[in-house]
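Hello,

Here is the structure I promised to pass on to you. Have a look at it first, and then read on for what turned up in it.

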Amino acid sequence: HAKKSIGGFFFHYNPTSFRLTEKFILLLVFSAFITLCFGAIFFLPDSSKLLSGVFFHSSAVETNTRKGTDSDSNIAVGTDEKILAKIRKDHEKALVEAKDTLQKRPDEIKQDIQNEKDKVLKEGLGKGGKDDDNLPVIEYVRPPGATGHEPSNPETKERREKIKEMMKFAWDSYKRYAWGSNELRPVSMQGHSSNLFGSIKGATIVDALDTLYVMQMYEDFEMATEWVEKNLDFNVNAEVSVFEVNIRFVGGLLSAYYLSGKEVFRKKAIQLGEKLLPAFKTPTGIPWALLNLKSGIGRNWPWASGGSSILAEYGTLHLEFMHLSKLSGNPAFAEKVMNIRKVLNRLDKPQGLYPNYLNPNSGQWGQHHVSVGGLGDSFYEYLLKAWLMSDKTDEEGKKLYYDALQAIETSLMRKSSGGLTYIAEWKGGLLEHKMGHLTCFAGGMIALGADGAPEDKTGHQMEQAAEIARTCHESYARTSESD
């Protein structure tokens, strides 16, 4: 070794050692070599085969090693040679595939990828699997009697044509002035999108699908279907009403699917149903009224009795959610709505009545306000229809409905001094002798359920239904147009 003085400092100099720059260059070369080797193994096609052969014992090798003895050594060696030969062959094949791929145009590569996807999809469906959205394959059966029948009675036929004419007028106006919006404002003739649906659009289109089909307005139905396919989007960062979105969008899509068999409606309904599931993430499973579809965060209306959920909202999900489970193969939808019944069954009902408010955290009733009109109405309707929809096998739904109807008759139904039957409201044990407009649906509901009424009460319930319908007719007839 020699010492050299530079500016008063001494440096050791070893002629056989590398300079720092030389070491750096050698390190770069070595790193590039390693990167090239590993890159070829990890990123070329069929790399999994290379990895399994080079770095790991294959299952065949392991099997032979475990079972082999000294007398089998020649067989094991032969097997190893075969495996190594296969690795070399796979390696060569991978290099050829990579070379061929690099020579193709980008559009050809995309097409090859799509062809592979289609092949996998076809093989999956051929084995009785699921489609590209992981939905079960369902054989569609068109419901009988939806279309194609004309009434024999001339007056009925004339009324039917008039109703269709009114529908066509409303639909054409919506198409002209508000296409794609949630609704049409008839006076200003402008489209409007209610905040009940967040930023989801097309509520009128989806809600009208089944009506368009039943009225055999097929050209308009196809136009609406095309809009749903191209424009109906639930991937929004917005808060929606769970109840309103369910009855308008989920219900509309399910009805359109059952009438037409078009898969787009089934897929869209299930997509939306999955977006609504986080609403049930409460201590009791009673869903929130409002839900942000992106974050999954829910809350209740601030005015609803100390943050309570509303009977007509959480009680008006059953029909749609049972069908979502049937069409998706996912039992979660049905489980959520059946849990609502369990919660209600556990609670004490004042005089057998269901208050309109229920706290989703505590599982206790809020303010004791009972109404068959607003805030309560469709809960009772869905109990009856759940039984009918099940082909009358849902005995629990049947019992809940007829028990509730008996409590309504006993505690709420009264007759005015003028002989009009009405359904009053109940607040904390005191009756409010008024019947709101929304209660008028009860006439049709009671008539629908009269046929299955227990203890031969069919005639009695039909009379009740007729009397309530008459009261509602009179409320309109006696109201002046200026009001």
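In this predicted model, Cys-440 and Cys-472 are joined by a disulfide, with 2.0 Å from S to S. A bond of this kind is covalent and runs between the sulfur atoms of two cysteines. The count of disulfides comes to one. The link ties together distant parts of the chain, 32 residues apart: Cys-440 sits in the loop between strand 14 and helix 16 (441-450), while Cys-472 belongs to helix 17 (residues 458-477). Which hand does the disulfide of Cys-440 and Cys-472 have? The torsion about the S-S bond is about -105°, so the disulfide is left-handed. As for its two ends, Cys-440 is partly exposed, at 22% relative accessible area, whereas Cys-472 counts as buried, at 6% relative accessibility.

Strand 14 (430-432) also takes part in a sheet, so that is a good place to go next. The sheet is open and has three strands in the order 10-13-14, with antiparallel pairing. Strand 10 (369-370) and strand 14 are its edges; each has a single partner strand, so one side of each is left without a neighbour in the sheet. Strand 13 (residues 425-427) is joined to strand 14 by three bridges in the antiparallel sense. If you want to find this pairing on screen, look for Glu-425, whose bridge partner in strand 14 is Glu-432.

Next come the open spaces. The largest pocket holds about 610 Å³ of space. Its lining is made of 22 residues, and the closest to the centre are Gly-251, Ser-255, Leu-319, Glu-320 and Tyr-382. Which helices each supply at least two residues of that lining? They are helix 7 (203-214), helix 9 (242-260), helix 12 (318-328) and helix 14 (377-389). By class, the lining of this pocket is a mixture of nine nonpolar, six polar and seven charged residues.

There are enclosed spaces too. Rolling a probe the size of a water molecule over the atoms shows where empty space is left. Three cavities of 30 Å³ or more are counted in the model. The largest cavity has about 140 Å³ of space. It is lined by 14 residues, and those nearest its centre are Gly-315, His-318, Ile-340, Arg-341 and Phe-379. Helix 13 (332-346) and helix 14 are the elements that give two or more residues to this lining. The classes here are 10 nonpolar, three polar and one charged.

The second largest cavity contains about 50 Å³ of space. Among the residues that line it are Val-242, Phe-243, Trp-288, Ile-310 and Tyr-314. Two or more lining residues come from each of helix 9, strand 8 (309-310) and helix 11 (311-314). Eight of the lining residues are nonpolar, one is polar and one is charged.

Helix 15 (residues 395-411) deserves a look of its own. From its first C-alpha to its last, this helix of 17 residues reaches 24 Å, close to the 24 Å expected at 1.5 Å a residue. Its buried residues are Gly-397, Leu-400, Tyr-401, Tyr-402, Ala-404, Leu-405, Ala-407, Ile-408 and Ser-411. As background for that list, an α-helix has 3.6 residues a turn, so residues three or four places apart point the same way.

Finally, a few single residues. Most residues other than glycine have a negative phi. Gln-351 is not a glycine, yet has a positive phi of about 55°; you will find it in the loop between helix 13 and strand 9 (357-358). Glu-455, another residue other than glycine, has a positive phi near 55°. Glu-455 lies in the loop between helix 16 and helix 17. Is Glu-455 buried or exposed? At 72% relative accessibility, Glu-455 counts as exposed.

One more glutamate to look up is Glu-263, in helix 10 (residues 263-276). Glu-263 counts as partly exposed, with 27% relative accessibility. Its C-alpha is 9.9 Å from that of Ile-138, although the two are 125 residues apart along the chain.

Enjoy exploring!

Best wishes

Key
Residues are numbered from 1 along each chain as its sequence is written. This is a predicted model: local features need pLDDT of at least 70, side-chain atom pairs count only at pLDDT 80 or more; totals for chains, interfaces and linings use all residues. Side-chain values use heavy atoms; hydrogens and water are left out. On a 1 Å grid over the protein atoms alone, a cavity is a set of points where a 1.4 Å probe fits but cannot get out, and a pocket is an open set with protein on both sides within 12 Å along at least five of seven lines; lining residues have an atom within 4 Å of a point. Grid points are joined across faces, edges and corners, and a volume is the space filled by probe spheres set on the points. Helices (H or I, at least four residues) and strands (E, at least two) are DSSP runs, numbered from the N terminus. Ala, Val, Leu, Ile, Met, Phe, Trp, Tyr, Cys and Pro count as nonpolar, Asp, Glu, Lys and Arg as charged, and the others, Gly among them, as polar. Two strands pair if DSSP finds at least two bridges between them. A disulfide is a pair of cysteine sulfur atoms within 2.5 Å. Buried means under 20% relative accessible area, exposed over 50%, partly exposed in between (1.4 Å probe, protein chains only). The expected span of a helix is 1.5 Å times one less than its number of residues.
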